[in-house]
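Student: Could we go through this structure in questions and answers, starting from single residues and ending with the chain as a whole?

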Amino acid sequence: MPAHGAMTGFLACHDQAPPQSRLARSFGASPLDEESGQRYRRVLRELGVGECLARLDPRWTVLHAIPQGEGQVDIDHLAIGPAGVFCIRTIDVGQQRVSVARGSLRVAGSTSSHLRESEFEVGRAERALGVAQGSPVKAIGVIVVVDPHSITVRDMPRDVVVVAPVGLVRALEALPTCLDEHEIRRLVAQAEKPSTWRGIAAVPQDGDELRTRFTAVHRQVRTARVVRRRWIVAISSALLGVVFLAAWGIVLATTANYSLH
């Protein structure tokens with residue numbers, strides 16, 4: 001399931017927060033604090049990339065939230081198809097400028113660790129799949145940059161592709177073919193085995209239950225947003241009414257003074 005690990009982390013964080021009061025809900029206060037809000041946005045961006053990957057042609061298989069063991073961040077998405085094996089991670093840069101040059105990825109002018117982390121994930125996937133099928137496996141990292149102000153690529157790093165969500169499917173399907181149908185099926189069969197990914201910390205929670213719980217919180221967040229907007233409209237209307245009455249009073253007073261003269 002897309003965003004399985006991110007969703008698990010978000011719900012664990014959100015469950016620790018005290019329940020909202022009725023007064024807070026009536027004013028549209030968000031049910032998320034700063035930390036859970038960041039985790040919530042991560043879930044949304046991973047779900048969005050998962051929806052993009054669902055548009056790949058049928059020759060591709062996409063697995064989501066591959067666990068990497070205790071203390072390790074999971075691989076957001078693993079795509080296997082004619083162009084090879086791809087470890088896909090998502091980053092949300094919040095309308096910052098992204099540049100890629102000289103083997104580094106910069107966000108708002110500062111060097112980030114995303115390339116190094118992507119290379120680490122690729123290495124783990126290559127080793128795990130290679131051991132599982134008894135022969136070397138080559139993988140490529142893909143960093144999907146969500147909500148960038150702009151992406152400037154002067155030279156693409158070796159074995160890592162940097163792309164926005166809108167260009168993800170096109171970028172993967174445009175790559176040259178290096179795997180035939182038999183090789184794809186063989187790799188997919190190994191990737192789908194839990195034993196391939198050694199060191200898993202715990203049995204993943206049921207996906208349907210996670211999705212149901214996340215959907216409930218997501219509905220609360222959207223409801224709070226609607227309530228806040230209604231308050232804004234109501235307060236704005238009230239202020240406009242006050243301004244109108246004040247202006248009308250001035251007009252009446254001016255008219256009365258003019259009549260006296």
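Student: Is I140 buried, partly exposed or exposed, and what is its relative accessible area?

Tutor: The model is a predicted one, and in it I140 is found in strand β7. Buried is reserved for residues under 20% relative accessible area and exposed for those over 50%. Because its value falls between these two limits, I140 counts as partly exposed, with a relative accessible area of 23%.

Student: Which residues does I140 contact once its neighbours within four places in sequence are left aside, and what separates its C-alpha atom from that of V161?

Tutor: With those neighbours left aside, I140 is in contact with V85, F86, C87, V122, D159, V160 and V161. The last of these, V161, is 21 residues from I140 along the chain, and the separation of the two C-alpha atoms is 7.7 Å.

Student: D159 appears among those contacts; with which residue does D159 form a salt bridge, and how far apart are the closest N and O atoms?

Tutor: The partner of D159 in the salt bridge is K138, and their closest N and O atoms are 2.9 Å apart. D159 lies in the loop between β8 (150–153) and β9 (160–163), whereas K138 lies in the loop between α4 (114–133) and β7 (139–146), so the pair ties together parts that are 21 residues apart in sequence. D159 itself counts as partly exposed, at 29% relative accessibility. The answer is therefore K138, at 2.9 Å.

Student: Which parts of the chain does the salt bridge between R42 and D76 link, and how many residues apart are they?

Tutor: The side chains of R42 and D76 meet in a salt bridge with an N to O distance of 3.3 Å. This pair links distant parts of the chain, with R42 in helix α3 and D76 in strand β2 (residues 75–81), and the two are 34 residues apart.

Student: Is each of R42 and D76 buried or partly exposed?

Tutor: The cut-off for buried is under 20% relative accessible area. R42 has 25% relative accessibility and so counts as partly exposed. D76, at 3% relative accessibility, counts as buried.

Student: Which residues are joined into one network by salt bridges that share partners, and how many salt bridges are counted?

Tutor: Salt bridges with shared partners join R42, E46 and D76 into one network. By the rule used for such pairs, the count of salt bridges comes to nine.

Student: How many residues apart are R39 and E35, which also meet in a salt bridge?

Tutor: The side chains of R39 and E35 meet at 3.5 Å, N to O. R39 counts as partly exposed at 35% relative accessibility, and E35 counts as partly exposed at 43%. Both lie in helix α3 (residues 34–53), about one turn of the helix apart, which is a spacing of four residues.

Student: Where is Q96 found, and which residues does it contact beyond its neighbours within four places in sequence?

Tutor: Q96 is found in the loop between β3 (84–92) and β4 (97–101), and at 35% relative accessibility Q96 counts as partly exposed. With its neighbours within four places left aside, Q96 is in contact with V107, A108, D147, P148, H149 and S150.

Student: D147 is one of those contacts; what is its phi?

Tutor: D147 is found in the loop between β7 and β8, and D147 is partly exposed, with a relative accessible area of 36%. Although D147 is not a glycine, its phi is positive, at about 60°.

Student: Where does A65 lie, and what is its phi?

Tutor: A65 has its place in strand β1 (residues 61–66) and counts as buried, at 11% relative accessibility. A65 is a residue other than glycine, yet its phi is positive, near 50°.

Student: What is the radius of gyration of the chain, set against that of a compact globule of 261 residues?

Tutor: The chain holds seven helices and nine strands, and its C-alpha atoms fill a box of roughly 100 × 45 × 35 Å along the principal axes. A compact globule of 261 residues would have a radius of gyration near 18 Å, whereas the chain has 26 Å.

Methods: Residues numbered from 1 in each chain as written. Predicted model: local features only at pLDDT ≥ 70, side-chain atom pairs only at ≥ 80, totals over all residues. Heavy atoms only, no water. Salt bridge = Lys/Arg side-chain N within 4 Å of Asp/Glu carboxyl O. Buried < 20%, exposed > 50% of the residue type's maximum accessible area, 1.4 Å probe, protein only. Contact = heavy atoms within 4.5 Å. Rg over C-alpha atoms; globule rule 2.2 N^0.38 Å.
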